[in-house]
Amino acid sequence: MKAISAALGVCASLLGVSVVLAQRQNSDKLSVDAAPKYDPAIYAELQKAPEKARNRANPLQNDPDAVAAGAILFEQRCAECHGNVARGGKKGPSLRTAEVQDATPGAIFWILTNGVVRKGMPVWSKLPEPQRWQLVRYIKSLGVPAAESPSAKP
């Protein structure tokens, strides 16, 4: 009976990841024109992370399940503002820019923990620390699309 329960749990997790990834693929097909205008000033908050925070390593960096878990959390908590594929939305900027992708995991974790309330980024300090690290792992896994690389900007 325990084996059946465990198998059902694994199936439910895989189904959830499949749904998120399918939505991500469909959202990737949106035109580049739908992406918000690039503004480097938006990313200045990453530079404000204290050195101690910037130097923190992601304890889930080598966890093979962290990206999938982070994708589910992103869909639940972040996509509304940052868009389904993190290219930016009505409220939040793209997380697929060089500024974010080149930031240390610790700096991204610091932003998630402390928010940028005056710019609409909520504080996620009540989200358990492992889940915040899963989000960091997912965000860092996105990379910078060619159309958003620094060489493609005016």
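Buried means under 20% relative accessible area, exposed means over 50%, and partly exposed is what falls in between, with a 1.4 Å probe and protein chains only. Keep that in mind for the whole tour.

This is a predicted model, where local features need pLDDT of at least 70, side-chain atom pairs count only at pLDDT 80 or more, and totals for chains, interfaces and linings use all residues. Residues are numbered from 1 along each chain as its sequence is written, and side-chain values use heavy atoms, with hydrogens and water left out.

**Stop 1: the whole chain**

Start with a cartoon view. You should find seven helices and zero strands, where helices (H or I, at least four residues) and strands (E, at least two) are DSSP runs numbered from the N terminus. Read from that end, the order is α-α-α-α-α-α-α. Of the 154 residues in the protein, 36% are buried. Now think about contacts, meaning heavy atoms within 4.5 Å. Among those with a separation of 6 or more, 70% join residues 24 or more positions apart.

**Stop 2: R56 and E129**

Select R56, which is partly exposed, as its relative accessible area is 35%. Its partner is E129, and the two form a salt bridge with the closest N and O atoms 3.0 Å apart. The rule here is a side-chain nitrogen of Lys or Arg within 4 Å of a carboxyl oxygen of Asp or Glu. R56 sits in the loop between helix 2 and helix 3 while E129 belongs to helix 7, so the pair ties together parts that are 73 residues apart in sequence. E129 is partly exposed too, at 36% relative accessibility.

**Stop 3: the E45 cluster**

By the same rule, the count comes to four salt bridges. For more of them, select E45, which at 9% relative accessibility counts as buried. Which side chain meets E45 at 3.1 Å, N to O? That is K48, a partly exposed residue with a relative accessible area of 47%. K119 also forms a salt bridge with E45, with the closest N and O atoms 4.0 Å apart. Because K119 lies in the loop between helix 6 and helix 7 and E45 in the loop between helix 1 (2-28) and helix 2, this pair ties together parts 74 residues apart in sequence. K119 is partly exposed, with a relative accessible area of 48%. Add R118 to the selection and you have the full network: salt bridges that share partners join E45, K48, R118 and K119.

**Stop 4: R132, without a salt bridge**

Next, pick R132 in helix 7 (residues 129-142). What is the nearest side chain of opposite charge to R132? It is E129, 4.5 Å away, and R132 is buried yet has no salt bridge. For charge, Lys and Arg count as positive and Asp and Glu as negative, while His and the chain ends are not counted. Show the surroundings of R132 and, leaving aside neighbours within four places in sequence, you'll see contacts with F109, L112, T113, W124, S125 and L127.

**Stop 5: helix 6**

Now colour helix 6 by burial. Seven of its 10 residues are buried, so helix 6 is largely enclosed by the rest of the structure. The buried ones are G106, A107, I108, F109, I111, L112 and T113. Their cover includes helix 2 (51-54), helix 5 (98-101) and helix 7. After helix 6 comes G115, with a positive phi near 65°.

**Stop 6: the second largest pocket**

Turn on a pocket display. About 510 Å³ of space lies in the second largest pocket. Helix 3 (66-77), helix 4 (79-82) and helix 6 (105-114) are the elements that give two or more residues to its lining. The lining has 25 residues, with H82, P93, L95, I111 and M121 nearest the centre of the pocket. By type, the lining residues divide into 17 nonpolar, three polar and five charged.

Zoom in on P93, in the loop between helix 4 and helix 5. P93 counts as partly exposed, at 22% relative accessibility. Beyond neighbours within four places in sequence, P93 is in contact with I42, Y43, H82 and G88. Try a C-alpha to C-alpha distance from P93 to D39: 8.6 Å in space, for residues 54 apart in sequence.

Methods. 1 Å grid on protein atoms, 1.4 Å probe; cavity = no way out; pocket = protein on both sides within 12 Å on 5 of 7 lines; lining within 4 Å. Points joined across faces, edges and corners; volume = space filled by probe spheres on them. Nonpolar A, V, L, I, M, F, W, Y, C, P; charged D, E, K, R; others polar.
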